[in-house]
Amino acid sequence: MFHGKMDLTQYFKRIGFAGPFQGPDLATLKLIHKLHVMSIPFENLSIHCGEKITMDLEVIFNKIVNQSRGGWCLENNFLFAWVLQKMGYNSTILGSRVFNSSLNDFGPVESHLINKVVIDGKDYITDVSFGVSSQLWEPLELVSGKDQIQEAGVFRLLDKGGLWVFEKTGRKPEVLNPAFVKSRLVNKELTKPIYGFTLEPRVQDHFTEICQSLQTDPTSLFTNKSICSLQTPTGFKALVGWTYSEVTYRPDKNVDIYDMHDITNDEVEKILCEEFNIRLSNKMQPRDKTPAYTL
């Protein structure tokens, strides 16, 4: 399935995994999943730097591991599929349709890649690249209706008769900067569906067309917004267009604290370097147009 000059130890170094690795168990899966989302940003900056995003695994590995970049789901989760295979996990690539709030339905095509892992007869869903407050820090057990509590809130998977729905119940936002209280970036829905998927296995070629479409379609979220987010031990940080946000989870107070402010063009590279450890090879043109997107 996968080939090329890619070194698992280099990936481990990228995410800060020092082992030991005894075998493909659940504890190790949870650890590398969390280390990945804490180390590798969810970002689509290539689109806004004039760079092409590809489903070529060697190109993805070089970008994310060797060049210390991030990527969107088709890159991060495809790389993670390779990692799972190399580590000996029983894993399968799946496709999912992201929920579109404007349509009040899931999108028509499978634009999001995730992985299913089987350990000791139990199925788990891994997703290291959705970003912001919808990002899993650990895999979810594939059990319908079970509340699975993580730092971001309560996640659950619901079997709707062949279509599995991934949803989250979060907390109320507390916005520190009065100028952003009514910002469309602030998520005000406590419970919302995130995406739906089936258990039909997918392969690399299944995502080639949508990979091209998402980076060229003028109506695509990703052509209209430059997005970079990274999970932190207390929440996450994100740069969307010119708006930089640091979100802190406070489950003890049942709130998420949003610290948001706008930056200038001259500050973009500095923020990317200092907060996300990203140094771009080409000049980026930030963008924040109309499609709905919430932190």
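Is Lys86 buried, exposed or partly exposed? Lys86 is partly exposed, because its relative accessible area is 49%, where buried means under 20%, exposed over 50% and partly exposed in between (1.4 Å probe, protein chains only). Lys86 belongs to helix H4. From Lys86 to Leu214 the distance is 29 Å, C-alpha to C-alpha, with the two positions 128 residues apart in sequence.

**Basis of the model**

The model is predicted: local features need pLDDT of at least 70 and side-chain atom pairs count only at pLDDT 80 or more, while totals for chains, interfaces and linings use all residues. Residues are numbered from 1 along each chain as its sequence is written, and side-chain values use heavy atoms, with hydrogens and water left out.

**Overall fold**

The protein has seven helices and 15 strands; helices (H or I, at least four residues) and strands (E, at least two) are DSSP runs, numbered from the N terminus. Its radius of gyration is 18 Å, close to the 19 Å that the globule rule gives for 295 residues, so the protein is as compact as a globular protein of that length. The radius is taken over C-alpha atoms, and the rule is 2.2 Å times the number of residues to the power 0.38. Along the principal axes, the C-alpha atoms fill a box of roughly 50 × 40 × 40 Å.

Of the 295 residues, 54% count as buried. Among contacts (heavy atoms within 4.5 Å) between residues at least 6 apart in sequence, 63% join residues at least 24 apart. The protein exposes about 13300 Å², and carbon and sulfur atoms supply 50% of that area; accessible areas come from the Shrake-Rupley method with a 1.4 Å probe, and for residues only the protein chains shown count as cover. The 32 positive and 35 negative charges have mean positions 3 Å apart. Lys and Arg count as positive and Asp and Glu as negative, with His and the chain ends not counted; the place of a charge is NZ of Lys, CZ of Arg, CG of Asp or CD of Glu.

**Helix H2 and the loop before it**

Pro20 sits in the loop between H1 and H2. A cis peptide bond, with omega about 0°, joins Gly19 and Pro20.

Helix H2 covers residues 26–39, has 14 residues and reaches 20 Å from its first C-alpha to its last, close to the 20 Å expected at 1.5 Å a residue. The expected span is 1.5 Å times one less than the number of residues. Which residues of H2 are buried? They are Thr28, Leu29, Ile32, His33, His36, Val37 and Met38. An α-helix has 3.6 residues a turn, so residues three or four places apart point the same way. The buried residues of H2 pack against helix H1 (8–15), helix H4 (73–86), strand E4 (112–119), strand E5 (122–126) and strand E12 (227–232).

**Positive phi values**

Asp120 has phi near 50°, a positive value in a residue other than glycine. Asp120 is placed in the loop between E4 and E5 and is exposed, with a relative accessible area of 79%. Asn277, in the segment after H7, also is a residue other than glycine with a positive phi, near 55°. Asn277 is partly exposed at 39% relative accessible area.

**Residues in loops and in the C-terminal segment**

The table pairs three residues with a distant position in sequence.

| Residue | Partner | Separation along the chain | C-alpha distance |
|---|---|---|---|
| Val181 | Met260 | 79 residues | 9.5 Å |
| Thr294 | Gln135 | 159 residues | 13 Å |
| Lys225 | Pro286 | 61 residues | 7.5 Å |

Val181 lies in the loop between strand E10 (172–175) and strand E11 (191–197). Val181 is partly exposed, with a relative accessible area of 42%. Not counting residues up to four places away in sequence, Val181 touches Val175 and Lys188.

Thr294 is in the segment after helix H7 (265–276) and counts as partly exposed at 27% relative accessibility. Apart from neighbours within four places in sequence, Thr294 is in contact with Val132, Arg184, Leu185, Val186, Asn187 and Lys192.

Lys225 is found in the loop between helix H6 (221–224) and E12. Is Lys225 buried or exposed? Lys225 is buried, with a relative accessible area of 5%. Residues up to four places away in sequence aside, Lys225 touches Asn44, His48, Val240, Arg287, Asp288, Lys289, Pro291 and Tyr293.
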